[in-house]
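Work through the exercises below with the structure open. Each task is followed by its solution.

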Amino acid sequence: MSTLPTNGSVLPITRWGEDVMHRLNQPVTDFGDDLQKLVADMVATMNAAEGVGLAANQVGVDLQLFVFDCPDKDGKRHQGVVCNPKLELPEGKDRQLDEGEEGCLSLPGAFTKCARPDFARVTGVDQHGEPVTYEGNGLLARCLQHETDHTQGMVFGDRLSRKYKRRLFAEAEELAPDYPSDWPVSPMLNAEEHEDQPVAE
């Protein structure tokens with residue numbers, strides 16, 4: 001398991017509707033100090049929001065990059081940094097769908113069922129430009145797919161039927177007052193009411 005940086009600062013999370021969330025992001029080409037700081041800040045932000053993954057565009061940065069710290073189906077924890085991710089999913093008889101709940105830190109508090117393959121593999125490079133591969137099942141598979149989608153300008157709401165999307169937005173609107181505009185820099189309000197929620201990416 002890789003070690004994520006711990007010296008970052010918490011940033012406000014960008015919400016659905018902002019342009020950077022809904023267009024193909026730029027590939028990472030510079031692996032210098034600015035990228036190292038961004039990765040550390042993303043990890044700090046993900047942890048402050050109690051998420052299992054976070055993409056660069058979720059902090060307003062137009063780069064194909066995500067960080068994650070997420071368990072698989074057996075509870076084994078996986079963490080890493082992926083730049084320029086490429087997603088591989090099972091096909092044919094190997095493709096089994098997981099109909100579990102999904103949420104997004106950029107639409108905080110709202111969850112709904114979203115069918116995704118129950119296994120995923122992502123390849124790319126880390127923040128130092130070294131090749132990485134991550135794969136797994138359960139929540140980890142969902143996380144790798146969700147975060148790679150973000151780098152391509154897709155949010156999980158784009159994968160929902162109109163009915164489920166309406167329900168998701170209604171729930172998000174109801175919970176919006178609990179999430180300050182600079183969340184998680186400013187803490188969530190009424191946090192005790194959200195304690196039993198699933199985790200979001």
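**Exercise 1.** Which residues does His150 touch, not counting residues up to four places away in sequence?

Solution. The model is a predicted one. Leaving out residues up to four places away in sequence, His150 touches Met21, Asn25, Ala55, Asn57, Gln58, Cys104, Val155 and Glu201. A polar contact of 3.1 Å also links the side chain of His150 to the side chain of His146.

**Exercise 2.** Decide whether His150 and Cys104 are buried or exposed.

Solution. Buried means under 20% relative accessible area. The value for His150 is 1%, so His150 is buried. The value for Cys104 is 1%, so Cys104 is buried.

**Exercise 3.** Place the UniProt "binding site" residues in the fold.

Solution. The unreviewed UniProt entry gives this feature at Cys104, His146 and His150. These positions are spread over 47 residues of sequence, yet they cluster in space, with a largest C-alpha distance of 10.2 Å. Cys104 sits in the loop that runs between strand S5 (101-103) and strand S6 (111-113). His150 belongs to helix H2, residues 138-151. Beyond its neighbours within four places in sequence, Cys104 has contacts that include His146, His150, Trp16 and Glu201.

**Exercise 4.** Check the length of H2 and describe its surroundings.

Solution. At 1.5 Å a residue, the 14 residues of H2 should span 20 Å. The end C-alpha atoms of H2 are 21 Å apart, which agrees. Of the 14 residues of H2, 13 are buried, so H2 is largely enclosed by the rest of the structure. Gly153 follows H2 and has a positive phi, near 80°.

Notes: Residues are numbered from 1 along each chain as its sequence is written. This is a predicted model: local features need pLDDT of at least 70, side-chain atom pairs count only at pLDDT 80 or more; totals for chains, interfaces and linings use all residues. Side-chain values use heavy atoms; hydrogens and water are left out. UniProt positions are given in the numbering used here, feature names are shortened, and annotations may be inferred rather than shown by experiment. Helices (H or I, at least four residues) and strands (E, at least two) are DSSP runs, numbered from the N terminus. Buried means under 20% relative accessible area, exposed over 50%, partly exposed in between (1.4 Å probe, protein chains only). Contact means heavy atoms within 4.5 Å. A polar contact is a pair of N or O atoms within 3.5 Å; within protein, one must be able to donate a hydrogen and the other to accept it, and residues adjacent in sequence count only if both atoms are side-chain atoms. The expected span of a helix is 1.5 Å times one less than its number of residues.
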